[in-house]
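Me: Could you take a close look at one part of this model for me, the sheet and what surrounds it? I'd like a connected walk through the strands, and then a word on the charged pairs.

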Amino acid sequence: MKNLGSTETKNKRWRYPRFFGAADGEKAIICGDDAKHIAAVLRMSVGELIVLCDNDNNDYLCKISSVQKNSVELDVMEERKNEAAPTTDITLFQCLPKSDKMDFIVQKATELGASEIVPIMSKRCVSRPDEKSAAKKLQRWEKIAEEASKQCGCGKIPVIGKLKYFRKAVSEYSKICLGILFYECGGKKLSELPIKTAPKIGIFIGSEGGFETEEAEYAESCGIIAATLGKRILRCETAPVAALSILMNL
């Protein structure tokens, strides 16, 4: 593989348009909507630089060698590990909010480093989509996560899980990670939890109205820890942003 060897590429962040795809040795190709975006929207031409990410935390600095209507060919110049990869995998279990709030939550959770986002149906969820509607929403959230990943420099696009009921999500995830349920009735401070030594963390955040008492009690019986984000009651779209920001900082 070639190496540009310049001070710019070695010491500075690669602030070029980012796309996800596979590099094959010293060559790569981008097709479909991304190729159209490069050609028609960004109006990029031969010789310009872009970053290709393989969705496994590897970034490739590439130079455009050919621009066609539906395909863009690239020469791979350098490879490096993605600089924005978090050291801990955090899964956000978000109880479905009303309206389009989940769109915002998916976008911001992606920017803040969540590795997986799972929509949850709890007792206080007002939004209760049927199977067909849920499938459409899932496709939209996957697209939002991909676009947010490009914008913020992620090395992996977060997995958007299928809609699950609260008890099933709790019973499955409590066995394999540090589980934290953010409860409006109080709990431990995040600084009191073994955040730094946990390779995987799962956080549960309620919809409007939070969790039923019996839901919180069931989560605790499964080993999930009730935690607090402070004395204020945060909106369901604010809580995951605050929680992820604090966890990543810790």
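**The open sheet and its surroundings**

Reply: Happy to! In this predicted model, an open sheet is built from 6 strands in the order β1-β4-β5-β6-β3-β2, with mixed pairing. At its edges sit β1 (18–20) and β2 (23–24), each pairing on one side only.

Let's settle on β6, which spans residues 71–81 and is mostly covered, with 8 of its 11 residues buried. On one side β6 pairs with β5 (residues 58–67) in the antiparallel sense, over 9 bridges. A hairpin of 3 residues joins β5 to β6. If you want a place to look for this pairing, N58 has K81 in β6 as its bridge partner. Strand β3 (residues 27–31) also pairs with β6, again in the antiparallel sense, over 5 bridges. Here I30 stands opposite V72 in β6. As a general point, side chains in a regular strand alternate between the two faces of the sheet.

Moving along the sheet from β5, you reach β4 (residues 49–53), which pairs with β5 in the antiparallel sense over 5 bridges. L49 has K63 in β5 as its bridge partner. Lying across β1, β3, β4, β5 and β6 is helix α2 (residues 32–41), which runs at about 90 degrees to β3.

Now for the charges. Side chains of opposite charge can pair when their charged atoms come close. The model has 15 salt bridges, counting a Lys or Arg side-chain nitrogen within 4 Å of an Asp or Glu carboxyl oxygen. One network of salt bridges links D34, K143, E146, E147 and K150. Within that network, K150 and E147 form a salt bridge whose closest N and O atoms are 3.6 Å apart. Both residues lie in helix α4, 3 residues apart, about one turn of the helix. K150 counts as buried because its relative accessibility is 12%, under the 20% limit, while E147, at 37%, counts as partly exposed.

Helix α3 (residues 101–111) holds a pair with similar spacing in sequence: K108 and E111 are 3 residues apart, about one turn of the helix. Their closest N and O atoms are 3.3 Å apart in the salt bridge. K108 is partly exposed at 22% relative accessibility, and so is E111 at 32%.

Finally, R124 forms a salt bridge with E184, the closest N and O atoms being 3.9 Å apart. R124 lies in the loop between β8 (116–121) and α4 (131–152), and E184 in the loop between β11 (178–182) and β12 (200–205), so this pair ties together parts that are 60 residues apart in sequence.

Definitions and conventions: Residues numbered from 1 in each chain as written. Predicted model: local features only at pLDDT ≥ 70, side-chain atom pairs only at ≥ 80, totals over all residues. Heavy atoms only, no water. Buried < 20%, exposed > 50% of the residue type's maximum accessible area, 1.4 Å probe, protein only. Helix = DSSP H or I, 4+ residues; strand = E, 2+ residues; numbered from the N terminus. Pairing = 2+ DSSP bridges. Contact = heavy atoms within 4.5 Å. Axes fitted to C-alpha atoms, helices over the stretch in contact; angles between N-to-C directions.
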